Amino acid sequence: MTSLKPSLVQTGKLRQELRINPRLYQAMELLHMPLLDLQQRLKAEMAENPFLELAETEDFLEVSLDEVAASEEQEGREEDEVDWEEILLDGFDSGGYRGQAEERSFRERPQVEAADLRTKLLEQLYHLSIPEREIRIGEEIIGNVDDSGLLTCTLDEVVAGANTWLADVRSVAEERALENGDETEREKELAEVGVLFRDYSTPEAERMLKVIQTLDPPGVAARDLRECILLQLTALGAEDSLAHTLVSDHFDDFLNRRWNEIAREVGVTPKAVQDAADAVAKLDPKPGLRHAPDDESYILPDLIVEKIDGEYHVFLNDGNLPRLRISRAYREVARDRRKFTGANREFITTKLHAANWMIQAIEQRRQTMLRVMNFIVERQHDFLEKGVQHLRPLTLREVADHIEMHESTVSRVTNAKYVQTPRGVYPLKYFFSSGLQTSSGEDISARGVKDKIRTLVSQENPKKPLTDQRIAELLDLDGVRIARRTVAKYRGQLGILSARMRRRV
């Protein structure tokens, strides 16, 4: 029997691996960034890399020749006063030389925090002439009201939460009472604590809830949609109206628009029921949102499409984007690298290469975005001329094949970016959708079909609304081949009710 002996063996093996350079990761990240994020990224790069500076060519167009000459002379004197070699050897701490870039930084308007719904409710609560005990349970109720204005828990849970807080307060009060040396006074204080800090009950919470439900906005602190609508009708003084009866006694039929059934039970005409339902529809199902702080979001288009002399032209909206260049002063000093050794030389080489790469990556991003948008404009020319119903189907693969890049690159270009066109501002993803074939053999975008469906529904007879089958037939007459179930799917995506729910009496 042979014995096995462990041994170390070294062998050579040749194989291929796909490794992504870190620079490539950064290039993909830059391509993915919207314009505002890219601005912040470039300002951060300028703060970290001394070889990068602003190329301020536009600024000189607004001043006279004498001012330009004076400015250049002043800059020359400033450069003579700076010991660039010392700066490089000291790790590029220029002592404020790059302050010029900081002066050009974009200043955002400070945001003022607006009072939310709960704050407004508490302010109204504190102005009520009610005992302190009721204010505490009122605070517990308001704390469980969500942004839409609905109460998000049961009254039993409100009571449990308030009693938990009350138990802590009662415990502290009892400890203070026990510190009293006089036994008679101590017993008296403990009795007062027991009365003052007794547990809350559900009827107390119910009474306080009714008080809070009278606060502004009407319908606040309701426990469901039905109660929310009834509170608003009460605030309008419509307790005896047909609309109030409709919601309080026939809410399920109201939601399903069974006007004839309600009319028979109430003893009115279906038209009267529908008019009452129209009045209810004008009420706010989420009254708290009107007091929610505005979440301001601004859209800055990355691209602009303009029609000039009958032709559409694409421009990058990067006027506010910092224009970078290699600093002449740093480049001249770094040219003779024999003066530097060790970590200083490696630092200079790394930063110089990073600066060159950043400038090239930004230019590559610009060219890629222009190529993608130019093809989109060429493909969607009919949309720009005639509207959304002429939007053609388009996929990322088609664009990628045309510009000879990977599909993922096109996806990054179109991600979270907007274009300003003569027809409005659209996200680039808007121009991509699947398509259907027309009877003439041409393709039409699914988005264009949805717009056709929306138009047909808006023009229908409300007493005889179009069924999904009838919409499919009308689209077929218009040259669009589409199945009834596809119409139903698109109608649902558009938020359009079925024919039965849209019918008017």
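Here are some numbered notes on helices, cores and aromatic rings in this structure.

1. A word on the basis. This is a predicted model, in which local features need pLDDT of at least 70, side-chain atom pairs count only at pLDDT 80 or more, and totals for chains, interfaces and linings use all residues. Residues are numbered from 1 along each chain as its sequence is written, and side-chain values use heavy atoms, with hydrogens and water left out.

2. Let us start with helix α14, residues 259–266 (helices are DSSP runs of H or I with at least four residues, strands are runs of E with at least two, and both are numbered from the N terminus). Its buried residues are W259, I262 and A263 (buried means under 20% relative accessible area, exposed over 50% and partly exposed in between, with a 1.4 Å probe and protein chains only). Seen down the axis, these buried residues of α14 fall within an arc of 100°, so they line one face of the helix (the arc is that of the directions from the helix axis to the C-beta atoms). R264 and E265 are exposed, on the face of α14 turned away from the buried side.

3. What do the buried residues of α14 pack against? They pack against α12 (242–249), α13 (251–255) and α15 (270–281), where contact means heavy atoms within 4.5 Å. Just after α14 comes G267, with a positive phi of about 90°.

4. Helix α11 (residues 225–235) has these buried residues: E227, C228, I229, L230, L231, Q232 and L233. The buried residues of α11 pack against α12, α13 and α15. After α11 you will find G237, whose phi is positive, near 75°.

5. D253 is worth a look in helix α13. At 16% relative accessibility, D253 counts as buried. Its contacts, leaving aside neighbours within four places in sequence, are R258, I262 and E265.

6. Now for the cores (a nonpolar core is a set of buried Ala, Val, Leu, Ile, Met, Phe, Trp, Tyr and Cys residues joined through side-chain atoms within 4.5 Å). The largest has 30 residues, and L303, V305, M373, F383 and F431 have the most contacts inside it. Elements giving two or more residues to this core include β2 (303–308), β3 (311–316) and α17 (342–379). Of these, α17 gives the most, with seven residues. A second, separate core of 24 residues includes I137, A162, I212 and A221.

7. How many aromatic pairs does the structure hold? There are eight (rings of Phe, Tyr and Trp, the last by its six-membered ring, pair if their centres lie within 6.5 Å; planes under 30 degrees apart count as stacked, over 60 as edge-to-face and the rest as tilted). F254 and W259 have ring centres 6.5 Å apart and planes at 50°, so the pair is tilted. Both are buried, F254 with a relative accessible area of 13% and W259 with 7%.

8. The rings of F383 and Y426 have centres 5.5 Å apart and planes at 75°, so this pair is edge-to-face. F383 lies in helix α18 and Y426 in strand β6 (residues 424–427), so the pair ties together parts that are 43 residues apart in sequence. Ring pairs link F383, Y426, Y430 and F431 into a cluster.

9. Finally, two charges over rings (NZ of Lys or CZ of Arg within 6 Å of the ring centre and within 35 degrees of the ring normal). The charged end of R447 sits over the ring of Y430, 4.3 Å from its centre. R133 lies over the face of Y200, at 4.1 Å from the ring centre.
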